[in-house]
Amino acid sequence: MAYRCTKSGAVLALLGMCVAPLAAQADEQAAAAAELAKQLANPLASLISVPLQYNWDEGYGPDGDGEVSRLNIQPVIPISLDAEWNLITRTIIPVVGQDGIPAPGQGEGGLGDVQASQFFSPKRPSAGGWIWGVGAAELLPTATDDTLGAEQFGLGPTGVALKQSGPWTYGALANHIWSLFGSESRADVNATFLQPFVSYVTPTKTTISLNTESTYDWQASEWSVPVNIAVAQMLKLGPQIIQIQLGARYWVESPTGGPDGWGLRASITLLYPKK
C-alpha cells in the first residue's frame, strides 16, 4: 500500500504509515542490488555483463625494462536453451600496447588473440548447492601483429564449478587449449589455465576478491602465476548499473622474459539485468 505524505498536520499524524512503505521499498532495492553483486561474482549467472578490464605489468624482455598494457573487453552473454539449461558465452578481446618487447626500443600495439568459451550449465544448482558448467574454449588468431599473438588456432575443453554460501562465492575455472593449425614458424600452443577464486560481498555491495590466473605452458615447461586481489563497488549512473574495480597482483612465477613483481588492474563492468 502507498501513502501520500505532505506537511499538513492531519497527514503528519499518519507519518508512521508513510515511512513504513518507503522503508520497505528501500530495503527491497538494497536486497536486489546485493543479489546483483552476488550474481556478478558467479561466472555462470544468467546476467548479461560487459567488463572493460585494464591490466598493466612490467618486467618484460631480456633486460626486464619492458611493460605491457592490456585492455580486455569481455562480454558475457547467457542464452536460455530450455527450462533446464543455459549456454553461457564468455569472450576476451584484448587490445594490447607493449613497450620494450621483444627487445629494448621496440614495441607494438593493436588487437591480440581472442579467447572464447562456451559453458553448458544447469539453471539450478545441484543438490549440494554446486553451480557448474562445461564446454569448449577456443584461441582465435586475430592479432594484428605477430608479436601480439601466437598465430595459432587452438581448441580444448573448459569447465567451472562454484558454490555460493551467504556472501561468499568460491570455486575454480579451468581450460586446456591445443593448437589445431597455424603458422609453422611459431611454437604450438599446449597450455593449461587454472583460476581458483574466492570473493565476499558486503552489505554495501562491495566485493572483495582473490584469485590466481595460472597458466602452465607444456611446450616450454614454464608456469605463469599471478595472484590478484581486488575491491569492487556497484553503482548506478542514471539508468546504467556498473561495477568499478581496482586491484593489484603479484607475479609469484613467470616465464622467461615475462612479467615480474607487481602489476595493476582496474575495470568497469556494465550490467544488464533482466527486467
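**Strands, hairpins and ring pairs in a predicted model**

Ala172 stands opposite Pro196 in strand β10. This pairing offers a convenient way into the structure, which is a predicted model. A little further along, Leu173 faces Gln195, again in β10. Both pairs belong to the contact of two strands: β9, covering residues 168-182, and β10, covering residues 190-201, run antiparallel and are joined by 11 bridges.

Before following these strands, it helps to step back to the whole chain. The protein chain has 275 residues, and 37% of them are buried. Its secondary structure comes to 2 helices and 15 strands. Among the contacts with a separation of 6 or more, 53% are between residues 24 or more positions apart. The accessible surface comes to about 14,900 Å², and carbon and sulfur atoms account for 63% of that surface.

Strand β9 also has a partner in β8, and these two strands pair in the antiparallel sense over 12 bridges. Here Ser165 has Trp168 of β9 as its bridge partner. The two strands form a hairpin with 2 residues between them, and Gly166 takes a positive phi near 60° in this hairpin.

Strand β10, too, can be followed to further partners. With β11 (residues 206-212) β10 pairs in the antiparallel sense, this time over 5 bridges. These strands form a hairpin as well, with 4 residues between them, and Lys205 in the turn has a positive phi of about 70°. Strand β10 is also joined by 4 bridges to β12 (residues 214-217), and the two run antiparallel. Within this pairing, Thr192 stands opposite Tyr216 of β12.

One residue of β11 deserves a closer look. Thr207 lies in this strand and is the bridge partner of Val201. Is Thr207 buried or exposed? Its relative accessibility is 8%, so Thr207 counts as buried, the cut-off for that class being under 20%. Apart from neighbours within four places in sequence, Thr207 is in contact with Ser199, Tyr200 and Val201, with Ala230, Val231 and Ala232, and with Ala37 and Gln243.

The aromatic side chains add another layer to the picture. The structure holds 7 aromatic pairs. One of them is formed by Phe153 and Phe181, whose ring centres are 5.2 Å apart and whose planes meet at 10°, so the pair is stacked. Because Phe153 lies in β8 (residues 152-165) and Phe181 in β9, this pair ties together parts that are 28 residues apart in sequence. Phe181 has a relative accessible area of 55% and is therefore exposed, as the class begins over 50%.

A second pair brings the account back to β12. Tyr216 and Trp223 form a tilted aromatic pair, with 4.9 Å from centre to centre and 50° between the planes. How accessible are these two residues? Tyr216, at a relative accessible area of 16%, is buried, whereas Trp223, at 37% relative accessibility, counts as partly exposed. Trp218 joins them, as ring pairs link Tyr216, Trp218 and Trp223 into a cluster. Tyr216 thus appears twice in this account: opposite Thr192 in the strand pairing, and as a member of the ring cluster.

Terms used
Residues are numbered from 1 along each chain as its sequence is written. This is a predicted model: local features need pLDDT of at least 70, side-chain atom pairs count only at pLDDT 80 or more; totals for chains, interfaces and linings use all residues. Side-chain values use heavy atoms; hydrogens and water are left out. Two strands pair if DSSP finds at least two bridges between them. Buried means under 20% relative accessible area, exposed over 50%, partly exposed in between (1.4 Å probe, protein chains only). Contact means heavy atoms within 4.5 Å. Accessible areas come from the Shrake-Rupley method with a 1.4 Å probe; for residues, only the protein chains shown count as cover. Rings of Phe, Tyr and Trp (its six-membered ring) pair if their centres lie within 6.5 Å; planes under 30 degrees apart count as stacked, over 60 as edge-to-face and the rest as tilted.
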